[in-house]
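I opened the model and kept notes on what I looked up. The entries follow in the order I made them.

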Amino acid sequence: VILLLNRSGMSGVTIHTRKFKVNRLLNRRQMLVDVIHQGVACPSKEKIGQTLSTLYHKDAKNIVCFGFKTQFGGGKTTGFALIYDTLEDMKKIEPKFRLIRKGFTEYKKTKEDGRRSKKTKKTNARKGKKKPKKTA
């Protein structure tokens, strides 16, 4: 249980971890994270990752927080956290979109990024090469 105080210091935010599991195959620790924040906005995933890094004595770069959903009425948010042993393990296992969110890789925008261009490329490949029209 971790207690975080907001700027005014009046009300706090509490972080609980549950269903903690050490996954040796993927070199990580995985857990559910409950954030209790009565009357206060939920802290950011970066802030939650920093507090988990102090709790589990790991670097904040090796922690990935995702999937946070606030319960109806507010006050409690539940999400998932992964703490990797090394940064190389994280880069090898994590999906690209989460690595882009953390800033470890960049999204390379290509010419055929649009939805319509992908579809036309697919249909043209399915039809095969177009034959020139025969003239009479």
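What span should the 13 residues of helix 4 have at 1.5 Å a residue, and how far apart are its end C-alpha atoms? I worked this out on a predicted model. Helix 4 covers residues 115-127, and its expected span is 18 Å. I found its end C-alpha atoms 19 Å apart, which agrees with that figure.

I then looked at what comes after the helix. Gly128 follows helix 4, and its phi is positive, near 90°.

Next entry: salt bridges. I searched the whole structure and got five of them. I took the pair Arg24 and Asp85, whose side chains meet in a salt bridge at 3.3 Å, N to O. Arg24 sits in the loop between strand 2 (12-23) and strand 3 (28-36), while Asp85 sits in the loop between strand 5 and helix 2 (87-93), so this pair ties together parts 61 residues apart in sequence.

I stayed with Asp85 and checked its other partners. Asp85 and Arg29 meet through their side chains in a salt bridge of 3.2 Å, N to O. This pair also links distant parts of the chain, 56 residues apart, with Arg29 in strand 3 and Asp85 in the loop between strand 5 and helix 2.

I noted a salt bridge between the side chains of Asp85 and Lys58 as well, at 3.9 Å, N to O. Lys58 is in the loop between helix 1 (45-56) and strand 4, and the two residues are 27 apart along the chain. Through shared partners, salt bridges join Arg24, Arg29, Lys58 and Asp85 into one network.

Are Asp85 and Lys58 buried or exposed? I read 21% relative accessibility for Asp85 and 25% for Lys58. Buried would need a value under 20% and exposed one over 50%, so I class both as partly exposed.

Last entry: Gly74. Where is Gly74 placed? I located Gly74 in the loop between strand 4 (63-70) and strand 5 (76-84). Its relative accessible area is 35%, so I put Gly74 down as partly exposed. I also checked its separation from Ile36. Gly74 and Ile36 are 38 residues apart along the chain, and I get 9.0 Å between their C-alpha atoms.

Notes. Residues are numbered from 1 along each chain as its sequence is written. This is a predicted model: local features need pLDDT of at least 70, side-chain atom pairs count only at pLDDT 80 or more; totals for chains, interfaces and linings use all residues. Side-chain values use heavy atoms; hydrogens and water are left out. Helices (H or I, at least four residues) and strands (E, at least two) are DSSP runs, numbered from the N terminus. Buried means under 20% relative accessible area, exposed over 50%, partly exposed in between (1.4 Å probe, protein chains only). The expected span of a helix is 1.5 Å times one less than its number of residues. A salt bridge is a side-chain nitrogen of Lys or Arg within 4 Å of a carboxyl oxygen of Asp or Glu.
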